Amino acid sequence: MKAGFWVAPEGDDATMTVMPIGAEPPLRTRKLNFLATSSAEEMIRRCRQTAELLPRIADALAMQKADEPGQLFDITDFPADDRELVTQTLGEGEVAGVAALANGVLAQIQEAVMAGVWRVRFTDANGTLLADYVEVASIPAAVRQACAVLAPEIVHGPAPAGAMNVMPVLHEIGDRIARYKDGDEPHIITFSLFPMSPEDMNFLQQTLGAGPVQLTSRGYGTCRVVATGARNVWSVQFYNAMDTIILDTLEICDIPSVAIAAEEDFRDSEMRLREIEEAYFK
(Lines give C-alpha, C1' and ligand atoms only; values in the text may rest on other atoms or scores of the structure.)
Protein backbone atom coordinates (compact mmCIF):
# COMPACT_ATOMS: atom_id res chain seq x y z
CA MET A 1 0.00 0.00 0.00
CA LYS A 2 1.27 3.44 -0.83
CA ALA A 3 1.90 5.42 2.35
CA GLY A 4 -0.34 8.44 2.51
CA PHE A 5 -3.03 9.61 0.13
CA TRP A 6 -1.75 13.04 -0.74
CA VAL A 7 1.68 12.71 -2.32
CA ALA A 8 1.79 14.77 -5.48
CA PRO A 9 2.73 12.76 -8.59
CA GLU A 10 6.05 13.67 -10.16
CA GLY A 11 5.64 16.44 -12.67
CA ASP A 12 2.17 17.28 -11.48
CA ASP A 13 1.35 20.95 -11.94
CA ALA A 14 -0.66 21.30 -8.75
CA THR A 15 -2.83 24.39 -8.40
CA MET A 16 -1.31 25.02 -4.97
CA THR A 17 2.28 25.98 -5.58
CA VAL A 18 2.88 28.22 -2.57
CA MET A 19 2.68 25.34 -0.11
CA PRO A 20 3.89 22.14 -1.84
CA ILE A 21 2.04 19.01 -0.81
CA GLY A 22 3.68 17.60 2.30
CA ALA A 23 5.06 20.97 3.41
CA GLU A 24 3.71 22.46 6.58
CA PRO A 25 2.78 26.03 7.49
CA PRO A 26 5.31 27.55 9.86
CA LEU A 27 4.11 26.99 13.39
CA ARG A 28 6.14 28.81 16.01
CA THR A 29 5.36 28.70 19.68
CA ARG A 30 4.73 32.22 20.88
CA LYS A 31 3.96 32.43 24.58
CA LEU A 32 1.92 35.10 26.26
CA ASN A 33 4.68 35.87 28.75
CA PHE A 34 5.84 38.60 26.36
CA LEU A 35 3.03 40.70 27.82
CA ALA A 36 4.69 40.61 31.24
CA THR A 37 7.92 42.22 30.01
CA SER A 38 8.86 45.87 30.35
CA SER A 39 8.98 46.19 26.56
CA ALA A 40 5.39 45.02 26.35
CA GLU A 41 4.32 47.38 29.09
CA GLU A 42 5.62 50.34 27.14
CA MET A 43 4.10 49.02 23.89
CA ILE A 44 0.71 48.56 25.57
CA ARG A 45 0.76 52.17 26.77
CA ARG A 46 1.12 53.56 23.27
CA CYS A 47 -0.95 50.96 21.36
CA ARG A 48 -4.42 52.07 22.27
CA GLN A 49 -6.05 50.59 19.16
CA THR A 50 -5.10 47.11 20.36
CA ALA A 51 -6.47 47.82 23.83
CA GLU A 52 -9.76 48.91 22.25
CA LEU A 53 -9.82 45.90 19.91
CA LEU A 54 -9.56 43.14 22.53
CA PRO A 55 -12.92 43.72 24.27
CA ARG A 56 -14.61 43.85 20.87
CA ILE A 57 -13.14 40.45 20.01
CA ALA A 58 -14.25 39.11 23.39
CA ASP A 59 -17.77 40.43 22.80
CA ALA A 60 -17.81 38.70 19.42
CA LEU A 61 -16.73 35.43 21.02
CA ALA A 62 -19.56 35.72 23.54
CA MET A 63 -22.13 35.86 20.73
CA GLN A 64 -20.56 33.62 18.11
CA LYS A 65 -22.30 30.38 17.09
CA ALA A 66 -20.47 27.54 15.39
CA ASP A 67 -22.84 27.41 12.42
CA GLU A 68 -23.06 31.16 11.82
CA PRO A 69 -20.85 33.48 9.73
CA GLY A 70 -17.90 34.91 11.60
CA GLN A 71 -17.07 38.48 12.55
CA LEU A 72 -14.14 40.35 11.00
CA PHE A 73 -11.94 43.02 12.58
CA ASP A 74 -9.84 44.91 10.07
CA ILE A 75 -6.38 45.79 11.40
CA THR A 76 -4.78 46.50 8.01
CA ASP A 77 -4.30 50.18 8.81
CA PHE A 78 -3.23 49.72 12.42
CA PRO A 79 0.22 51.17 13.18
CA ALA A 80 3.03 48.61 13.00
CA ASP A 81 3.40 48.48 16.79
CA ASP A 82 -0.31 47.82 17.24
CA ARG A 83 -0.26 44.99 14.72
CA GLU A 84 2.77 43.48 16.43
CA LEU A 85 1.06 43.73 19.79
CA VAL A 86 -2.02 42.00 18.34
CA THR A 87 0.28 39.23 17.09
CA GLN A 88 1.94 38.83 20.48
CA THR A 89 -1.34 38.93 22.37
CA LEU A 90 -3.18 36.41 20.22
CA GLY A 91 -0.22 34.04 19.97
CA GLU A 92 -0.22 31.02 17.68
CA GLY A 93 -2.53 28.10 18.29
CA GLU A 94 -3.03 24.64 16.85
CA VAL A 95 -4.27 25.30 13.31
CA ALA A 96 -2.47 27.10 10.48
CA GLY A 97 -2.51 27.00 6.72
CA VAL A 98 -3.26 28.69 3.43
CA ALA A 99 -6.25 29.16 1.13
CA ALA A 100 -5.78 30.18 -2.51
CA LEU A 101 -8.71 32.26 -3.76
CA ALA A 102 -9.92 32.23 -7.35
CA ASN A 103 -8.74 35.80 -7.95
CA GLY A 104 -5.11 34.87 -7.24
CA VAL A 105 -5.12 36.21 -3.68
CA LEU A 106 -3.60 33.96 -1.01
CA ALA A 107 -5.05 33.89 2.51
CA GLN A 108 -2.48 32.98 5.17
CA ILE A 109 -4.33 31.60 8.19
CA GLN A 110 -3.19 31.23 11.80
CA GLU A 111 -5.41 30.32 14.71
CA ALA A 112 -4.71 32.18 17.94
CA VAL A 113 -4.03 30.43 21.24
CA MET A 114 -7.71 31.22 21.85
CA ALA A 115 -9.56 28.70 19.65
CA GLY A 116 -12.02 30.32 17.27
CA VAL A 117 -9.92 33.49 16.93
CA TRP A 118 -7.98 33.66 13.68
CA ARG A 119 -5.41 35.96 12.11
CA VAL A 120 -5.92 36.07 8.34
CA ARG A 121 -3.52 37.93 6.05
CA PHE A 122 -4.30 38.35 2.36
CA THR A 123 -1.40 38.75 -0.07
CA ASP A 124 -1.10 39.01 -3.84
CA ALA A 125 1.04 36.84 -6.10
CA ASN A 126 4.11 38.91 -5.22
CA GLY A 127 3.60 38.51 -1.48
CA THR A 128 2.42 42.10 -0.99
CA LEU A 129 0.04 42.47 1.94
CA LEU A 130 -3.45 43.43 0.79
CA ALA A 131 -5.43 43.07 4.00
CA ASP A 132 -4.95 41.91 7.59
CA TYR A 133 -7.86 40.72 9.72
CA VAL A 134 -8.67 39.16 13.04
CA GLU A 135 -11.66 36.87 12.54
CA VAL A 136 -13.92 35.18 15.08
CA ALA A 137 -15.37 32.08 13.44
CA SER A 138 -15.36 28.31 13.47
CA ILE A 139 -13.14 28.50 10.37
CA PRO A 140 -12.11 31.60 8.39
CA ALA A 141 -14.48 32.58 5.60
CA ALA A 142 -11.58 32.44 3.14
CA VAL A 143 -11.50 28.64 3.48
CA ARG A 144 -15.14 28.30 2.43
CA GLN A 145 -14.71 30.93 -0.28
CA ALA A 146 -11.75 29.10 -1.79
CA CYS A 147 -13.65 25.78 -1.83
CA ALA A 148 -16.90 27.20 -3.22
CA VAL A 149 -15.60 27.17 -6.81
CA LEU A 150 -14.64 23.48 -6.78
CA ALA A 151 -16.42 21.04 -9.08
CA PRO A 152 -19.34 19.21 -7.42
CA GLU A 153 -18.55 16.01 -9.33
CA ILE A 154 -15.62 13.89 -10.45
CA VAL A 155 -14.82 12.70 -13.97
CA HIS A 156 -12.51 9.81 -14.75
CA GLY A 157 -11.60 7.33 -17.42
CA PRO A 158 -11.04 3.56 -17.20
CA ALA A 159 -8.93 2.07 -14.43
CA PRO A 160 -5.21 1.85 -15.18
CA ALA A 161 -3.27 -1.39 -15.39
CA GLY A 162 -2.43 -2.69 -11.92
CA ALA A 163 -5.48 -1.11 -10.27
CA MET A 164 -7.19 -3.05 -7.48
CA ASN A 165 -9.82 -1.00 -5.65
CA VAL A 166 -9.73 2.52 -7.07
CA MET A 167 -12.91 2.24 -9.15
CA PRO A 168 -15.20 1.25 -6.23
CA VAL A 169 -13.62 4.05 -4.18
CA LEU A 170 -14.27 6.60 -6.95
CA HIS A 171 -17.87 5.42 -7.33
CA GLU A 172 -18.35 5.75 -3.56
CA ILE A 173 -16.88 9.27 -3.58
CA GLY A 174 -19.01 10.32 -6.55
CA ASP A 175 -22.17 8.98 -4.95
CA ARG A 176 -21.46 10.70 -1.63
CA ILE A 177 -20.66 14.04 -3.32
CA ALA A 178 -23.94 13.93 -5.23
CA ARG A 179 -25.95 13.22 -2.08
CA TYR A 180 -24.12 15.53 0.31
CA LYS A 181 -26.10 18.37 1.91
CA ASP A 182 -24.94 21.02 4.36
CA GLY A 183 -25.14 19.67 7.87
CA ASP A 184 -24.76 16.01 6.91
CA GLU A 185 -22.46 13.86 8.99
CA PRO A 186 -19.06 13.36 7.34
CA HIS A 187 -18.52 10.20 5.34
CA ILE A 188 -15.04 8.79 5.95
CA ILE A 189 -13.08 6.44 3.72
CA THR A 190 -10.17 4.87 5.58
CA PHE A 191 -7.41 3.52 3.37
CA SER A 192 -5.99 1.43 6.21
CA LEU A 193 -9.00 -0.89 5.93
CA PHE A 194 -8.43 -2.19 2.40
CA PRO A 195 -5.49 -2.56 0.03
CA MET A 196 -4.73 0.15 -2.50
CA SER A 197 -1.93 -0.36 -5.00
CA PRO A 198 0.38 2.49 -6.07
CA GLU A 199 -1.56 2.54 -9.35
CA ASP A 200 -4.79 2.94 -7.38
CA MET A 201 -3.45 5.85 -5.38
CA ASN A 202 -1.91 7.63 -8.36
CA PHE A 203 -5.16 7.34 -10.32
CA LEU A 204 -7.15 8.55 -7.32
CA GLN A 205 -4.86 11.57 -6.89
CA GLN A 206 -4.98 12.45 -10.58
CA THR A 207 -8.77 12.10 -10.71
CA LEU A 208 -9.50 14.22 -7.64
CA GLY A 209 -6.78 16.77 -8.32
CA ALA A 210 -5.22 19.33 -6.00
CA GLY A 211 -7.45 21.75 -4.12
CA PRO A 212 -6.97 25.32 -2.90
CA VAL A 213 -6.73 24.77 0.90
CA GLN A 214 -4.04 23.23 3.08
CA LEU A 215 -4.25 23.21 6.87
CA THR A 216 -2.16 21.66 9.61
CA SER A 217 -3.57 21.01 13.08
CA ARG A 218 -1.25 20.45 16.02
CA GLY A 219 -3.50 19.10 18.72
CA TYR A 220 -2.76 15.64 20.02
CA GLY A 221 -0.21 14.88 17.31
CA THR A 222 -0.19 16.33 13.81
CA CYS A 223 -3.07 16.26 11.35
CA ARG A 224 -2.81 17.51 7.77
CA VAL A 225 -6.04 18.56 6.11
CA VAL A 226 -5.90 19.15 2.35
CA ALA A 227 -8.76 20.02 0.01
CA THR A 228 -8.89 17.99 -3.18
CA GLY A 229 -10.12 19.39 -6.46
CA ALA A 230 -13.59 17.96 -5.83
CA ARG A 231 -16.02 19.90 -3.66
CA ASN A 232 -16.41 18.57 -0.10
CA VAL A 233 -13.69 15.94 -0.55
CA TRP A 234 -10.73 16.27 1.84
CA SER A 235 -7.58 14.31 2.51
CA VAL A 236 -7.17 14.00 6.29
CA GLN A 237 -3.97 12.37 7.53
CA PHE A 238 -2.91 11.83 11.13
CA TYR A 239 0.77 11.48 12.02
CA ASN A 240 2.62 10.26 15.09
CA ALA A 241 5.66 11.91 16.71
CA MET A 242 7.93 10.21 14.16
CA ASP A 243 5.99 11.88 11.32
CA THR A 244 4.61 8.52 10.22
CA ILE A 245 1.03 8.29 9.00
CA ILE A 246 -1.10 6.40 11.49
CA LEU A 247 -4.51 7.13 9.94
CA ASP A 248 -5.04 7.99 6.28
CA THR A 249 -8.53 9.01 5.23
CA LEU A 250 -10.73 10.88 2.81
CA GLU A 251 -13.62 12.84 4.31
CA ILE A 252 -16.67 13.91 2.37
CA CYS A 253 -17.92 16.87 4.40
CA ASP A 254 -18.11 20.65 4.51
CA ILE A 255 -14.93 21.20 6.57
CA PRO A 256 -13.22 18.41 8.56
CA SER A 257 -14.01 18.80 12.25
CA VAL A 258 -10.35 18.55 13.28
CA ALA A 259 -9.75 22.02 11.80
CA ILE A 260 -12.77 23.93 13.13
CA ALA A 261 -13.60 25.55 16.45
CA ALA A 262 -16.53 24.12 18.42
CA GLU A 263 -19.24 26.02 20.28
CA GLU A 264 -17.58 25.62 23.67
CA ASP A 265 -14.31 26.95 22.26
CA PHE A 266 -15.84 30.40 21.78
CA ARG A 267 -16.93 30.62 25.43
CA ASP A 268 -13.57 29.39 26.74
CA SER A 269 -11.69 31.80 24.47
CA GLU A 270 -13.86 34.71 25.58
CA MET A 271 -12.95 34.05 29.21
CA ARG A 272 -9.26 33.70 28.40
CA LEU A 273 -9.14 36.89 26.34
CA ARG A 274 -10.93 38.90 29.04
CA GLU A 275 -8.41 37.62 31.59
CA ILE A 276 -5.55 38.79 29.38
CA GLU A 277 -7.21 42.17 28.90
CA GLU A 278 -7.75 42.60 32.62
CA ALA A 279 -4.22 41.54 33.54
CA TYR A 280 -2.25 43.56 31.00
CA PHE A 281 -4.38 46.21 29.30
CA LYS A 282 -6.19 47.93 32.19
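This section describes three helix packings and the largest pocket of a predicted model.

Two packed helices are described by the angle between their axes and the distance between the axes. Helix α2 spans residues 48-63 and takes part in two of the packings described here. Its partner α7 covers residues 263-280. The axes of α2 and α7 come within 8 Å and cross at roughly 160 degrees. Angles over 145 degrees count as roughly antiparallel, so α2 is roughly antiparallel to α7. The crossing is left-handed. On the α2 side, the contact is formed by Leu54, Pro55, Ile57, Ala58, Asp59, Leu61, Ala62 and Met63. These residues meet Phe266, Arg267, Ser269, Glu270, Leu273, Arg274 and Glu277 of α7. Nine residues of this contact are nonpolar, one is polar and five are charged.

Helix α3, residues 80-90, also packs with α2. Here the axes come within 8 Å, with a crossing angle of roughly 40 degrees. The two helices are therefore oblique to each other. Their crossing is right-handed. From α2, Arg48, Gln49, Thr50, Leu53 and Leu54 take part. From α3, the contact residues are Asp82, Leu85, Val86 and Thr89. The contact of α2 with α3 comprises four nonpolar, three polar and two charged residues. Leu54 of α2 appears in the contacts with both α7 and α3.

The third packing joins α5 (residues 166-179) and α6 (residues 198-208). Their axes come within 9 Å and cross at roughly 30 degrees. Angles under 35 degrees count as roughly parallel, which means that α5 is roughly parallel to α6. The helices pass each other in a right-handed crossing. In α5, the contact residues are Val166, Met167, Val169, Leu170 and Ile173. They meet Asp200, Phe203, Leu204, Thr207 and Leu208 in α6. By class, the contact of α5 with α6 has eight nonpolar residues, one polar and one charged. The charged residue is Asp200 and the polar one is Thr207, because Asp counts as charged and Thr as polar.

Turning to the pocket, the largest one holds about 500 Å³ of space. Its lining consists of 25 residues. Ala66, Arg144, Asp254, Ile255 and Ile260 lie nearest the pocket centre. The lining divides into 12 nonpolar, four polar and nine charged residues. Among the residues nearest the centre, Arg144 and Asp254 are charged, whereas Ala66, Ile255 and Ile260 are nonpolar.

Definitions and conventions
Residues are numbered from 1 along each chain as its sequence is written. This is a predicted model: local features need pLDDT of at least 70, side-chain atom pairs count only at pLDDT 80 or more; totals for chains, interfaces and linings use all residues. Side-chain values use heavy atoms; hydrogens and water are left out. On a 1 Å grid over the protein atoms alone, a cavity is a set of points where a 1.4 Å probe fits but cannot get out, and a pocket is an open set with protein on both sides within 12 Å along at least five of seven lines; lining residues have an atom within 4 Å of a point. Grid points are joined across faces, edges and corners, and a volume is the space filled by probe spheres set on the points. Axes are lines fitted to C-alpha atoms, for helices over the stretch in contact, and angles run from 0 to 180 degrees between N-to-C directions. Helices (H or I, at least four residues) and strands (E, at least two) are DSSP runs, numbered from the N terminus. Angles under 35 degrees count as roughly parallel, over 145 as roughly antiparallel, 65 to 115 as roughly perpendicular and the rest as oblique. A crossing is left-handed if the near helix is turned anticlockwise from the far one by less than a right angle, and right-handed if clockwise. Contact means heavy atoms within 4.5 Å.
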